[in-house]
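User: Hello! I would like to go through this protein with you and ask how its descriptions are justified.
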Amino acid sequence: MFTPLSMQRATVYLVKEEAADAALAFGRCGAFEPELGTDHELIPEELGGAYRDVFDTASNRLTKIYSHLGVAAPQPECAAPYLVPQDQLENLNAELREFWAECSHREERTRHIREELRAVEQLENALDVFEPLDFDLRIFHEGFRFLDVHIGIVPVGQLDRLRDAVGLLGYTLSEFSRAENSAHVVLAGLTGDAQELERVLGAASFTELKIPSDFADHPRRVRRDLDERRKSLAAEQQEIEASILTAVDERTEFLADANEQLAMASPYARMATMMQRRGGLARVSGWVPRSRVDELQRLLHEQLDNRFALELRDP
């Protein structure tokens, strides 16, 4: 059974110029959880909003890069936090931006490949219906000057009646496949009374089939083209996956270094929004486990000597 951790509220007062040293102490302690200050005036420029913004952007990019590469970020090897200069952080962010652009391009292309593969699969399923037809499907798109052609589905119970009715209008009806209670048929005849034909088809519950524009050849050749498209897309996806593995091999050291720099800068970036100041003084408040108070006080003394005041109170 878990026992609630006894906490104390801690408020540290210090000279604003030593805010970075205080952040180092907080980071080394690892048990101090600061609270966001209510004062909108932030402390020194080295820990200002610009530093935090660059840190957040770089961290987000690094997280997305690791996710794209499919590897976990290593545990930073740095022994203690260190105030990474803002210009160094900006240079790192620029490198991560360039690297993420490569990753983003791969992700976008992968997304398109998946969409194209889904489209190919849908076309292959649709082609199953038309495959029994032993002629060029282009005629359903281009048509003929004097010949009217329709392809569709009709209930089996209406098939003979429809054949007789369209025969009276000069059309022939050919069944090319059947599925349960429905028949797939082709009607062909000389162009004539379109309204009368529409009435006859409607009475027989005829449903027109729309042939995809990709089907502009004999069904066997359409099937072959779709198969070639699928293989080409699969090969391109394999190339992308290989490039990801190459990127992991070539950029592992860079990514580990970036991860370590951001880990060192993290305490300072967090302090940028947690401290308040009045004149030359800064203040930060938060929570610390009662059992870690002495450790926090010791680390503050190591970093600030006696140039701080620590105020503690129970919740």
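Analyst: Happy to help! A residue is called buried when its relative accessible area is under 20%. This is a predicted model, and of the 315 residues of the protein, 38% count as buried by that cut-off. The accessible surface comes to about 18,200 Å², and 49% of that area belongs to carbon and sulfur atoms.

User: What makes up the secondary structure of the protein?
Analyst: There are eight helices and nine strands. As for contacts between residues at least 6 apart in sequence, 84% join residues at least 24 apart.

User: Why are H5 and H6 called roughly antiparallel to each other?
Analyst: Helix H5 covers residues 159-168 and helix H6 residues 194-203, and they pack at an angle of about 170°. Angles over 145 degrees count as roughly antiparallel, so H5 and H6 are given that description. Their axes are 10 Å apart.

User: Which residues of H5 and H6 meet there?
Analyst: From H5 come Leu162, Ala165 and Val166, and they meet Leu197, Val200 and Leu201 in H6. Sorted by class, this contact has six nonpolar residues, with no polar and no charged ones. Ala, Val and Leu are among the residue types that count as nonpolar, which fits the names in the contact.

User: How do you know that S4 and S5 pair?
Analyst: Pairing takes at least two bridges between two strands. Strand S4 (residues 171-179) and strand S5 (residues 182-190) are joined by eight bridges, so they qualify as an antiparallel pair. Along this pair, Leu173 stands opposite Leu187 in S5, while Ser174 has Val186 in S5 as its bridge partner. The two strands form a hairpin with two residues between them, where Glu180 takes a positive phi near 55°.

User: What makes S4 and S6 the edge strands?
Analyst: Let's start with the sheet, which is open and has four strands in the order S4-S5-S3-S6, with antiparallel pairing. S4 and strand S6 (207-208) each pair on one side only, and they are its edge strands.

User: Where does H5 pack on the sheet?
Analyst: H5 touches strand S3 (147-155), S4 and S5. The direction of H5 makes about 160° with that of S4; as angles over 145 degrees count as roughly antiparallel, that description applies to H5 and S4 too.

Conventions. Residues are numbered from 1 along each chain as its sequence is written. This is a predicted model: local features need pLDDT of at least 70, side-chain atom pairs count only at pLDDT 80 or more; totals for chains, interfaces and linings use all residues. Side-chain values use heavy atoms; hydrogens and water are left out. Buried means under 20% relative accessible area, exposed over 50%, partly exposed in between (1.4 Å probe, protein chains only). Contact means heavy atoms within 4.5 Å. Accessible areas come from the Shrake-Rupley method with a 1.4 Å probe; for residues, only the protein chains shown count as cover. Axes are lines fitted to C-alpha atoms, for helices over the stretch in contact, and angles run from 0 to 180 degrees between N-to-C directions. Angles under 35 degrees count as roughly parallel, over 145 as roughly antiparallel, 65 to 115 as roughly perpendicular and the rest as oblique.
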